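Biologist: Could you take a close look at the empty space inside this protein? I would like to hear about the enclosed part and then about the open part.

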Amino acid sequence: MRYVFITGTSRGLGHALLDIFKEDRIISISRSEVETDVELFKTFHVDFLDEQALEEAVPEIFSCIQPEKGDEIFLINNAGAVNPVKSIANIDAKGFLDNYKINVLAPALLMKGFVDAFGELQATKRILTVSSGAALNPMEGWAAYCSSKAAVNMVSDVLRLEMDRLDYPILSATYRPGVIDTDMQGEIRSADPEDFPDISKFKDYKSSNRLYPAETVAYVAKRVLTSDNFGFSESYSVSDFL
Ligand SMILES: NC(=O)c1ccc[n+]([C@@H]2O[C@H](COP(=O)([O-])OP(=O)(O)OC[C@H]3O[C@@H](n4cnc5c(N)ncnc54)[C@H](OP(=O)(O)O)[C@@H]3O)[C@@H](O)[C@H]2O)c1
């Protein structure tokens with residue numbers, strides 16, 4: 001049996017992942033309602049901006065399955081936010097904090113919950129955290145987003161080290177999904193050019209049809225996560241597969 005926990009399933013890449021993993025038992029974790037024909041094994045609703053609610057929900061989320069020896073358990077930390085797309089001078093504390101709650105704290109708490117629940121289990125246990133090229137390349141106007149994705153990469157990397165001690169380690173890696181045709185790109189294109197000088201580049205990606213469909217990126221994510229080599233590398237990029 002394969003169990004797949006996926007965050008941010010209401011739209012974008014997370015929604016596309018539902019279809020890709022439809023043969024498996026999906027545990028959907030989202031803030032908004034999820035409209036899908038895919039049968040969901042369990043659904044949870046939690047707003048990652050409410051860290052207390054998330055911390056309380058995490059043990060319940062991971063105890064909703066009773067995996068057995070030999071099962072496969074995956075967690076895909078997909079939910080994310082790009083805003084605020086503003087120059088550092090124009091971001092306030094709440095702007096930084098809200099972004100970090102969604103992009104860093106929530107995946108970190110979910111990783112912790114996964115370790116607490118399944119650390120000792122003799123099973124295939126894998127965590128894929130959706131990161132971004134922005135973790136590696138600074139972009140004007142993206143201080144919160146770039147730094148949050150760099151931070152979550154490091155949480156995943158530290159987990160890799162800590163797993164070396166376990167008999168049945170949890171494998172963890174990050175995934176750079178390229179530029180995907182989702183609402184997030186719409187938000188990027190609607191930023192103020194004063195704050196985001198590279199906006200024309202992103203408008204060009206859209207007008208010249210160079211955005212990856214979410215379905216393609218989801219398909220590659222599954223290839224990465226189910227590969228025999230998963231975890232050999234700390235990070236994967238969609239561009240390595242397309
Ligand atoms: N799109 C790109 O070009 C691109 C590029 C590189 C990396 N990524 C990464 O890929 C992942 C998916 O992005 P996407 O393009 O699919 O974005 P998207 O279409 O904007 O969807 C974002 C998802 O995250 C959820 N989310 C946002 N705020 C949340 C909160 N406070 N609590 C719980 N869930 C929340 C949203 O739920 P609601 O519907 O409730 O808002 C939605 O399901 C993200 O980690 C993103 O950083 C995207």
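Which residues line the largest cavity?

Modeller: The model is predicted, so local features need pLDDT of at least 70 and side-chain atom pairs count only at pLDDT 80 or more, whereas totals for chains, interfaces and linings use all residues. Residues are numbered from 1 along each chain as its sequence is written, and side-chain values use heavy atoms, with hydrogens and water left out.

The largest cavity (grid points, on a 1 Å grid over the protein atoms alone, where a 1.4 Å probe fits but cannot get out) is lined, with an atom within 4 Å of a point, by Thr7, Phe48, Asn77, Asn78, Ala79, Ile102, Ala106, Pro107 and Leu110. The volume of this cavity, taken as the space filled by probe spheres set on points joined across faces, edges and corners, is about 30 Å³, and a search of the whole structure finds one cavity of 30 Å³ or more. Helix H3 (a DSSP run of H or I, at least four residues) gives the largest share of this lining, four residues. By class, the lining of the cavity has six nonpolar, three polar and no charged residues, with Gly counted as polar.

The open part is the largest pocket (an open set with protein on both sides within 12 Å along at least five of seven lines), which holds about 1100 Å³ of space. This pocket is lined by 49 residues, and Gly80, Ala81, Val82, Tyr145 and Met184 lie nearest its centre. Among the elements that give two or more residues to this lining are H1, H3 and H4, while the largest share, five residues, comes from H5. The lining of the pocket has 23 nonpolar, 18 polar and eight charged residues.

The ligand sits in the largest pocket, in the sense that more than half of its atoms lie within 2 Å of the pocket's grid points. Surrounding the ligand are 28 residues (each with a heavy atom within 4 Å), and Ser10, Arg31, Ser32, Tyr145 and Thr182 are the closest. H5 again gives the largest share, here three residues of the shell around the ligand. Several polar contacts (pairs of N or O atoms within 3.5 Å) reach oxygen atoms of the ligand: a backbone N or O atom of glycine 8 lies 3.1 Å away, a polar side-chain atom of lysine 149 lies 2.9 Å away, and one of glutamine 185 lies 2.7 Å away. Taken alone, the ligand exposes 890 Å², of which the protein buries 96%, by the Shrake-Rupley method with a 1.4 Å probe.

Methods:
Polar contact = N/O pair within 3.5 Å; in protein donor to acceptor, adjacent residues only side chain to side chain.
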